[in-house]
Amino acid sequence: MKIRAIDAFQIYDSRGNPTIEAVVTLDSGVCGHGLVPSGASTGRNEALELRDGDPDRFGGRSVFRAIENVRREIAPALSGHDVTDQPSLDRRLMDLDGTQNKSRLGANAILAVSMAAARAAAAGMEKSLFNYLGNGRGTVLPLPEIQLFGGGRHANGRVDVQDFMIVAVGAETYEQSLEMTFDVFHAAGELLKKWGKLSGVADEGGYWPAFESNEEAIEAAIGAIVAAGYEPGREVALSLDIAASELYRDGQYRFGVEGRSFSSESFAELLSSWVDRYPIISIEDPMAEEDWEGWALVRKLFGDRVQLIGDDLFTTNLQRIQKGVELGVANAVLIKLNQIGTVTETLEAIQATQRAGWLPVISARSGETEDTFIAHLAVATNAGQLKVGSFCRGERTAKWNELLRIQRELGSRAQFSGGRIYGQILKTPKLKV
Ligand code: PGA
Ligand code: ZN
């Protein structure tokens, strides 16, 4: 199955910012589309998102240069290429770019084509994307990590912690996990209204609460779980993305809303006290991306009891994941396609994570599109967990809903491990799930 044409054009993400959509057309006329998301609290080692920087258009955020790179360089280079050989196609894209971080052609240009090619190949073979990507071996529906409250850079710093999420660890099926999430999500909205603390919706669709402290947000989330009739920890647990790189300046972690600063050690101890006091099952980026010692400390303090996910720390980068595994600083890796820039490298990062006995968590970005690629990626790789932001807004529900379609297609082959998945990485799970 050969590539006949590749084109790209500018579309808009869920924050209303420009991004790229690419279309790969095969000789048969079958085509596939790839839409690229965009982060806000980005890691320093991410592949480069190429923007025009022209102050007179789109505030510098247009992606016309990246689109030109697709049309002028990528399209001719991949014309006639076998679309079903994703590794060689992605290798060609990397070689053509020639830089470590895809800064010449732009990771957004490269990823759009890489995703569109996978879609075209799947369509050409008349397979669903998850079946194509997973060679028919993907059968596990992921446990959703769903945002209740947004903070940090996604909510103008109203609270410091970026994501206050829930995980329906007691759910027996994917559908039940959504029903439990529905209950807690709407209970949280009611509580915030009652308290007069609702000040809008954050970037990923979670409530944007006017809390006075980070712990107040944690306690409100627990209140919502209880109000919805669930037992915190056993049925619905908490998950936090501290996004600590955003809080880290000159060796100190700063909670702006509380006017407090912490050394690396005292910040690790604060988080450890949260793990002791609250029904937390997972913490992402507890420490900053350059604070490897801080990471080693949190791993020692509570890495046997809760999932420790590296996002900015690893940036879906194989070398960084391998370093993390060697140093033993985490036990899970957040996986974002556009942090690394090709489908093949993303699959390699997931496989390396799984080989190390760690868990991959497939993730959306704060600036998302209606593309459902990551829902398929999660099932294709049997990753077992998916983080897409909240339980509302179309760019988020597109993914949750796509999994319902995938579930129908899998029929009796569909599997769901729910909260039992944490047993793979935790010696002494804090929460009995
Ligand atoms: P981002 O946030 O897409 O803005 O990087 C998501 C996350 O930190 O997990
Ligand atoms: Zn994160």
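**Close-up views of a predicted model**

**Figure 1. Protein donors of the zinc ion.** The zinc ion (ligand 2) has as protein donors Asp-241 (OD), Glu-284 (OE) and Asp-311 (OD), which lie 2.0 to 2.2 Å from the ion. The model shown here and in the other views is predicted. Along the chain, the donors of the zinc ion (ligand 2) are spaced as D-x42-E-x26-D. Asp-241 belongs to strand β8 (residues 237–241) and Glu-284 to strand β12 (residues 280–284); this pair links distant parts of the chain, 43 residues apart. Asp-241 counts as buried, because its relative accessibility is 1%. Glu-284 also counts as buried, at 0% relative accessibility.

**Figure 2. Strand β12 and its parallel partners β8 and β13****.** Strands β8 and β12 run parallel and are joined by 4 bridges. Within this pairing, Asp-241 has Glu-284 in β12 as its bridge partner. Both residues are also donors of the zinc ion (ligand 2). Strand β12 is joined by 3 bridges to strand β13 (residues 307–310), and these two run parallel. Here the bridge partner of Ile-283 is Leu-308 in β13. Strand β12 is mostly covered, with 5 of its 5 residues buried.

**Figure 3. The open sheet β1-β2-β3 and helix α3****.** Three strands make up this open sheet, in the order β1-β2-β3, and the pairing is antiparallel. Strands β1 and β3 are the edge strands, each pairing on one side only. From one strand to the next, the twist averages 20°. Strand β1 is joined to strand β2 (residues 18–26) by 9 bridges, the two running antiparallel. Across this pairing, Asp-7 stands opposite Val-23 in β2. Helix α3 (residues 107–124) lies across β1, β2 and β3, and runs at about 40° to β2.

**Figure 4. The aromatic pair of Tyr-12 and Phe-58****.** The structure holds 13 aromatic pairs. In the pair shown, the ring centres of Tyr-12 and Phe-58 are 6.1 Å apart and the planes stand at 35°, so the pair is tilted. Tyr-12 lies in strand β1 (residues 3–12), whereas Phe-58 lies in the loop between β3 (31–35) and α1 (64–78), so the pair ties together parts that are 46 residues apart in sequence. Tyr-12 counts as partly exposed because its relative accessibility is 43%. Phe-58 is partly exposed as well, with a relative accessible area of 36%.

**Figure 5. The aromatic cluster that includes Phe-255 and Phe-262****.** The rings of Phe-255 and Phe-262 form an edge-to-face pair, 5.5 Å from centre to centre and with 80° between the planes. Phe-255 counts as buried, with 0% relative accessibility. Phe-262 counts as buried at 8%. Ring pairs link these two residues with Tyr-248, Tyr-253, Phe-267 and Trp-274 into a cluster.

**Figure 6. The open sheet β9-β10-β11****.** This open sheet has 3 strands in the order β9-β10-β11, with antiparallel pairing. Strands β9 and β11 (260–262) stand at the edges with a single partner strand each, so one side of each has no neighbour in the sheet. Strands β10 and β11 run antiparallel and are joined by 3 bridges. Tyr-253 has Phe-262 in β11 as its bridge partner. Tyr-253 and Phe-262 are also members of the aromatic cluster.

**Figure 7. Two loop residues with positive phi, Glu-126** **and Asp-250****.** Most residues other than glycine have a negative phi. Glu-126, which is not a glycine, has a positive phi near 55°. Glu-126 is found in the loop between α3 and α4 (129–133). With a relative accessibility of 76%, Glu-126 counts as exposed. Asp-250, likewise not a glycine, has a positive phi of about 50°. The loop that holds Asp-250 runs between β9 (248–249) and β10 (252–255). Asp-250 counts as exposed because its relative accessibility is 80%.

**Figure 8. Lys-323 and the ring of Trp-292****.** The charged end of Lys-323 sits over the ring of Trp-292. The distance from this charged end to the ring centre is 4.2 Å.

Note on methods: Residues are numbered from 1 along each chain as its sequence is written. Chains are lettered from A and ligands numbered from 1 in the order in which they are written. This is a predicted model: local features need pLDDT of at least 70, side-chain atom pairs count only at pLDDT 80 or more; totals for chains, interfaces and linings use all residues. Side-chain values use heavy atoms; hydrogens and water are left out. Rings of Phe, Tyr and Trp (its six-membered ring) pair if their centres lie within 6.5 Å; planes under 30 degrees apart count as stacked, over 60 as edge-to-face and the rest as tilted. Buried means under 20% relative accessible area, exposed over 50%, partly exposed in between (1.4 Å probe, protein chains only). A charge sits over a ring if NZ of Lys or CZ of Arg is within 6 Å of the ring centre and within 35 degrees of the ring normal. Two strands pair if DSSP finds at least two bridges between them. Axes are lines fitted to C-alpha atoms, for helices over the stretch in contact, and angles run from 0 to 180 degrees between N-to-C directions. Contact means heavy atoms within 4.5 Å. Donors are N, O and S atoms within 2.8 Å of the metal (3.2 Å for Na, K and Ca); water is not among the atoms, so sites may look incomplete.
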